[in-house]
Amino acid sequence: MSLGYRGDMKKNHAWVKLFNEKKYEAAATELLNHKEYLEYKKIANEGGEVSGIIGRLEEASKLIKN
């Protein structure tokens, strides 16, 4: 649900194409190749504030794998 709300489910996104091809593991990995996620993950890893986008995208990635 949060992916649709955030606009992360557009047809031209690589992870969506992989998902539609039933390549779920690759789609889950590609979902985390996300500009905002990578920026906030770096900040969090450096001890900075953790953004909610990290948890939302990681949870979505986990659900896609299963």
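**Entry 1: Phe19 and the aromatic rings**

I began with phenylalanine 19, and I noted it as partly exposed, because its relative accessible area is 33%, which lies between the 20% under which a residue is buried and the 50% over which it is exposed. I keep in mind throughout that this is a predicted model.

I then looked for the ring partners of phenylalanine 19, and the pair that it makes with tyrosine 24 is edge-to-face, with 5.0 Å from centre to centre and 65 degrees between the planes. Tyrosine 24 is also partly exposed, and its relative accessible area is 33%.

How many aromatic pairs does a search of the whole structure find? The search gives 2, and for the pair of tryptophan 15 and phenylalanine 19 I wrote down ring centres 6.4 Å apart and planes at 70 degrees, so this pair is edge-to-face. Tryptophan 15 and phenylalanine 19 both belong to helix H2, where they are 4 residues apart, which is about one turn of the helix.

Is tryptophan 15 buried or exposed? I entered tryptophan 15 as buried, because its relative accessible area is 8% and the cut-off for buried is under 20%. Taken together, Trp15, Phe19 and Tyr24 make up one aromatic cluster.

**Entry 2: Tyr24 and Ile64**

Next I followed tyrosine 24, which lies in helix H3. When I left aside its neighbours within four places in sequence, I found tyrosine 24 in contact with Phe19 and Ile64. I also looked up serine 61, which is 37 residues from tyrosine 24 in sequence, while the two are 9.1 Å apart in space, C-alpha to C-alpha.

Which residues is isoleucine 64 in contact with, leaving aside its neighbours within four places in sequence? I listed Trp15, Phe19, Tyr24, Ala27, Ala28 and Leu31, so the list includes each member of the aromatic cluster, Trp15, Phe19 and Tyr24.

**Entry 3: the two sides of H3**

I turned to helix H3 and asked which of its residues are buried. They are Ala27, Ala28 and Leu31, and because they cover an arc of only 100 degrees around the axis, they sit on the same side of H3. On the other side of H3, I found Glu25 and Thr29 exposed.

**Entry 4: the nonpolar core**

I then looked up the largest nonpolar core, which has 14 residues, and those that touch the most other members are Leu3, Trp15, Ala27, Leu31, Ile54, Leu57 and Ile64. Helix H2 (14–20), helix H3 (24–31), helix H4 (35–45) and helix H5 (52–65) are the elements that each give two or more residues to this core. Of the elements, H5 gives the most, with 5 residues.

**Entry 5: two loop residues**

In the loop between H2 and H3 I stopped at lysine 22, since its phi is positive, about 65 degrees, although lysine 22 is not a glycine. I recorded lysine 22 as exposed, because its relative accessible area is 61% and the cut-off for exposed is over 50%.

In the loop between H3 and H4 I looked at leucine 32, which touches Tyr37, Leu38, Leu57, Glu58 and Ser61 when residues up to four places away in sequence are not counted. Leucine 32 and isoleucine 54 are 22 residues apart in sequence, and from C-alpha to C-alpha I noted 9.0 Å between them in space.

**Entry 6: the whole protein**

Finally I stepped back to the whole protein, which has 5 helices and 0 strands and follows the pattern α-α-α-α-α when read along the sequence. Of its 66 residues, 27% count as buried, and the accessible surface comes to about 4,800 Å², with 53% of it belonging to carbon and sulfur atoms. Among contacts between residues at least 6 apart in sequence, I found that 44% join residues at least 24 apart.

I closed with the confidence of the predictor, where the mean pLDDT of the protein is 85 and 83% of its residues reach 70 or more. Among the elements, which has the lowest mean pLDDT and which the highest? Helix H1 (residues 2–6) has the lowest, at 63, and H3 has the highest, at 95.

Methods. Residues are numbered from 1 along each chain as its sequence is written. This is a predicted model: local features need pLDDT of at least 70, side-chain atom pairs count only at pLDDT 80 or more; totals for chains, interfaces and linings use all residues. Side-chain values use heavy atoms; hydrogens and water are left out. A nonpolar core is a set of buried Ala, Val, Leu, Ile, Met, Phe, Trp, Tyr and Cys residues joined through side-chain atoms within 4.5 Å. Buried means under 20% relative accessible area, exposed over 50%, partly exposed in between (1.4 Å probe, protein chains only). Contact means heavy atoms within 4.5 Å. Accessible areas come from the Shrake-Rupley method with a 1.4 Å probe; for residues, only the protein chains shown count as cover. The arc is that of the directions from the helix axis to the C-beta atoms. Rings of Phe, Tyr and Trp (its six-membered ring) pair if their centres lie within 6.5 Å; planes under 30 degrees apart count as stacked, over 60 as edge-to-face and the rest as tilted. pLDDT is the predictor's confidence in each residue, from 0 to 100.
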